[in-house]
Amino acid sequence: MDTLSLLADGIWVAMQPGNLLFAAVGVLLGTLVGILPGIGPALTVALLLPVTFKLDPTGSIIMFAGIYFGGMYGSSTTAILINTPGEAASIATAIEGHKMALAGRAGPALATAAIGSFVAGTIATICLALLAPGIVDLAVQFGPWDYFGLMVVAFVTVSATFGSSVLRGLTSLGLGLFLGLVGIDKLTGQARLTFDTPTLMDGVSVTTLAVGLFAMGEALFVASRYTGAAEKIQALRGSLWMSRADWKASWKPWLRGTLLGFPIGALPAGGAEVPTLLSYTLERKFSKNPEQFGKGAIEGVAGPEAANNASATGTLVPLLALGLPTSATAAMMLAGFQQYGLTPGPLLFTTNPEMVWGLIASFLIGNLMLLVLNLPLVGLWVKLLTIPQAWLYGGILVFAAMGTLAANPSTTELTMLVVFGLTGYLMRCLDYPVAPMVVGLILGPMAENQFRRALQVSMGDYWVFFKHPGSATLLAIAVIALLAPLLFKSLRKFRASED
């Protein structure tokens, strides 16, 4: 009952005119960037971090969440219309959705994606509201050794799940941890790796790193591969609405996709790619007409899109309750919290309950806005695909530089932005994931602080991390998460050699 009253208070906060405006801007921006290939919600939040640092914290975080959900929905539009998923999570949607578009059924495909996203987002938000307080109560009992173990799990799972190689993910993480050492040591007051530069005394700005790696790095990478070839845009044909048969075929996949997406998204090694592909496979097995799959089965759009949106909500469970990001956009949202001096986790539910529950309630409102706004605007979103890439990414570079200078007017900051942008470009060229680097910079100093606190409490006993069952279990999970991909890869090579 207490949770319901807190959620009701949150709805009141989210319904304030200013917060409603932030939510509307967020879902519109998110849909736009989800539709434009190559520009995702993580890049957009990174770009907006320096612009929003003087705005209202609650409204800004609500806008970032709207961008996240809007991006998840918007990527399905390009997946259906031009077979170009805006996000990796929409790959499953493209399989059947584009076939429906080619058959003149783009309208029903887009409608089932929108309604499925709304249904999944609503159910997942209610689950988030019910589960988060319990996780918070558990986290309050954590000691510094448990928090350190939890952050090691976050380091390993993020490194192992982002990108194609565990070693490359760990290398990216190591760069982020190294950058986290820059600045004043909070324990001794000594300057570390500042090279007598006053700007670096406060450490490397997460905003500058995020904008450089995501925005500038992506813009340089796309520019280096720009061929000038125009993209073919599939015109919308037929009705924009679903028939009775489409509704009958879609409602069960919506529910099954939600049940798959939310728990997997909430796992430290979650993400939207796994549940969407699992949902597609599941719908194919449950279908009464499996021969339709590969030719434009609406179940193959409804299930994966519901799983996609539910997974996005699920990633906010560890972010809000424990302060652990499990996706690139969640890492950017964590940077947004830190920009306002806020640390997601158990204490945030106590110190800023209005903001936390207002944010959770805004997910319900944001999903409704997505449904109401996007179905009538599909034609407009399709026209946005005709914007030349040269103009688009040129604008991103200008916006990134101006935003960084507005937040931190310094030559050193601008130099770091360029260096991080070039680093992001090289990492993409060499297939190194950039998200672990940002996670390393954000969580590295926090992990160091908890590690030192644990040693201080235990009088320097390094075995304290293995004596407590909570931290010992978490460290064991981290080891398993690190070794599992390597073992699976070795098994695949062994089987291939036998065949």
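Mentor: Let's start with a term we will need: a residue is buried under 20% relative accessible area, exposed over 50%, and partly exposed in between. Keep in mind, too, that the model in front of you is predicted.

Trainee: Thanks! Does Arg452 count as buried, partly exposed or exposed?

Mentor: Apply the cut-offs: partly exposed covers the range between 20% and 50%. Arg452 has a relative accessibility of 24%. That value falls in the middle class, so Arg452 counts as partly exposed.

Trainee: Which residue does Arg452 form a salt bridge with?

Mentor: Look along helix H20 for a partner four residues away, a spacing of about one helical turn. The closest N and O atoms of the pair are 3.9 Å apart, and a salt bridge needs them within 4 Å. The partner of Arg452 is Glu448.

Trainee: Which residues are linked with Glu448 in a network of salt bridges?

Mentor: Glu448 also forms a salt bridge with a residue of strand S2 (residues 191-192), Arg192, and there the closest N and O atoms are 2.9 Å apart. This pair links distant parts of the chain, 256 residues apart. Arg192 is partly exposed at 21%, and Glu448 is partly exposed at 22%. The residues linked with Glu448 in the network are Arg192 and Arg452.

Trainee: How far apart in sequence are the parts that Asp431 and Arg168 tie together?

Mentor: Asp431 forms a salt bridge with Arg168, and their closest N and O atoms are 3.4 Å apart. Asp431 sits in the loop between helix H19 (411-429) and helix H20 (435-457), while Arg168 belongs to helix H8 (residues 166-180), so the separation in sequence is 263 residues.

Trainee: And how many salt bridges are found in the whole structure?

Mentor: We have talked through several pairs, including Asp431 with Arg168 and Arg192 with Glu448. A search of the whole structure brings the count to four.

Trainee: Let's go inside. Which element gives the largest share of the lining of the largest cavity?

Mentor: The largest cavity is lined by Ala23, Val27, Ile62, Ala65, Gly66, Phe69, Ser362, Phe363 and Gly366. Two or more of these residues come from each of H2, helix H4 (57-82) and H16. The largest share, four residues, comes from H4.

Trainee: How many charged residues does that lining have?

Mentor: Sort the lining of the largest cavity by class, with Gly placed among the polar residues. That gives six nonpolar and three polar residues. The number of charged residues is none.

Trainee: What volume does the largest cavity have?

Mentor: The structure holds two cavities of 30 Å³ or more. The volume of the largest cavity is about 50 Å³.

Trainee: Now the surface. Which helix gives the most to the nonpolar patch?

Mentor: The patch has an area of about 300 Å² and is made by Leu28, Leu368, Val372 and Leu373. Leu28 lies in helix H2 (residues 17-35) and is partly exposed at 33%. The most, three residues, comes from the helix spanning residues 353-374, which is H16.

Trainee: Is Gly183 buried or exposed?

Mentor: Gly183 is in strand S1 (residues 183-184). The cut-off for buried is under 20%. At 4% relative accessibility, Gly183 is therefore buried.

Trainee: How far apart in space are Asn352 and Thr58, C-alpha to C-alpha?

Mentor: Asn352 is in the loop between helix H15 (346-351) and H16, and it is partly exposed at 26%. Asn352 and Thr58 are 294 residues apart in sequence. In space, their C-alpha distance is 9.8 Å.

Trainee: One last pair: how far apart in space are Leu193 and Phe178?

Mentor: Leu193 lies in the loop between S2 and helix H9 (206-224), and at 34% it is partly exposed. Leu193 and Phe178 are 15 residues apart in sequence. From C-alpha to C-alpha, the distance is 9.6 Å.

Technical notes: Residues numbered from 1 in each chain as written. Predicted model: local features only at pLDDT ≥ 70, side-chain atom pairs only at ≥ 80, totals over all residues. Heavy atoms only, no water. Patch = residues over 30% accessible without salt bridge, like charges linked within 9 Å, V, L, I, M, F, W, Y side chains within 5 Å. Areas by Shrake-Rupley, 256 points an atom, 1.4 Å probe, with all protein chains shown as cover. Salt bridge = Lys/Arg side-chain N within 4 Å of Asp/Glu carboxyl O. Buried < 20%, exposed > 50% of the residue type's maximum accessible area, 1.4 Å probe, protein only. 1 Å grid on protein atoms, 1.4 Å probe; cavity = no way out; pocket = protein on both sides within 12 Å on 5 of 7 lines; lining within 4 Å. Points joined across faces, edges and corners; volume = space filled by probe spheres on them.
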